Amino acid sequence: QVHLVTSGGGLVQAGGSLRLSCGASGTFFSINTMRWFRQAPGQQRELVAGITRGGDTNYEDSVKGRFAISRTNANNTVYLQMNNLKPEDTAVYYCSAHATLHGGQTYTSWGEGTQVTVAS
């Protein structure tokens, strides 16, 4: 019902930048809050940033001032601009979208994940 396609990961040197994108498609009434999570090897998945449909944002403390989440409601796409990347940012990054379906049900969909590797 909601399909997320993620892109933009890769290998970058410490201090560099990457921009992740995640677009939602499918059959739904609206896409509400969209979030980025990450999971490093041997660690639990953690929330990196979230953004409501109205544009309110929240960030995990370690990325504040370095990462910026944004979205385009017209095409249901969320972005994560990552600046001043550090080796500890290395992880698989996942996007999620909380959708309202036709009929009123809510549904959370996940993207397939994209690898971000920051070399020291």
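This passage describes one sheet and one buried arginine in a predicted model.

The sheet is open and consists of 4 strands, arranged in the order β1-β3-β8-β7 with antiparallel pairing. Its edges are formed by β1 (2-7) and β7 (67-72), each of which pairs on one side only. On average, and with direction ignored, neighbouring strands of this sheet are turned by 15 degrees against each other. In general, the strands of a sheet pair through backbone hydrogen bonds, and the pairing can be parallel or antiparallel.

Within this sheet, strand β3 (residues 18-26) and strand β8 (residues 77-82) run antiparallel and are joined by 6 bridges. The residue C22 has V78 in β8 as its bridge partner.

A second point of interest is R38, which is located in strand β4 (residues 30-39). The relative accessibility of R38 is 6%, and R38 therefore counts as buried, since the cut-off for a buried residue is under 20%. The side chain of R38 takes part in polar contacts with two other side chains, those of E46 and Y93. The contact between R38 and E46 has a length of 2.6 Å, and the one between R38 and Y93 has a length of 3.0 Å.

The surroundings of R38 also include other residues. With neighbours within four places in sequence left aside, R38 is in contact with Q44, R45, E46, V48, E60, S62, V63, F67, D89, A91, V92 and Y93. Both polar partners, E46 and Y93, appear among these contacts. The list also includes F67, a position that falls at the start of edge strand β7 (67-72).

Technical notes. Residues are numbered from 1 along each chain as its sequence is written. This is a predicted model: local features need pLDDT of at least 70, side-chain atom pairs count only at pLDDT 80 or more; totals for chains, interfaces and linings use all residues. Side-chain values use heavy atoms; hydrogens and water are left out. Two strands pair if DSSP finds at least two bridges between them. Helices (H or I, at least four residues) and strands (E, at least two) are DSSP runs, numbered from the N terminus. Axes are lines fitted to C-alpha atoms, for helices over the stretch in contact, and angles run from 0 to 180 degrees between N-to-C directions. Buried means under 20% relative accessible area, exposed over 50%, partly exposed in between (1.4 Å probe, protein chains only). A polar contact is a pair of N or O atoms within 3.5 Å; within protein, one must be able to donate a hydrogen and the other to accept it, and residues adjacent in sequence count only if both atoms are side-chain atoms. Contact means heavy atoms within 4.5 Å.
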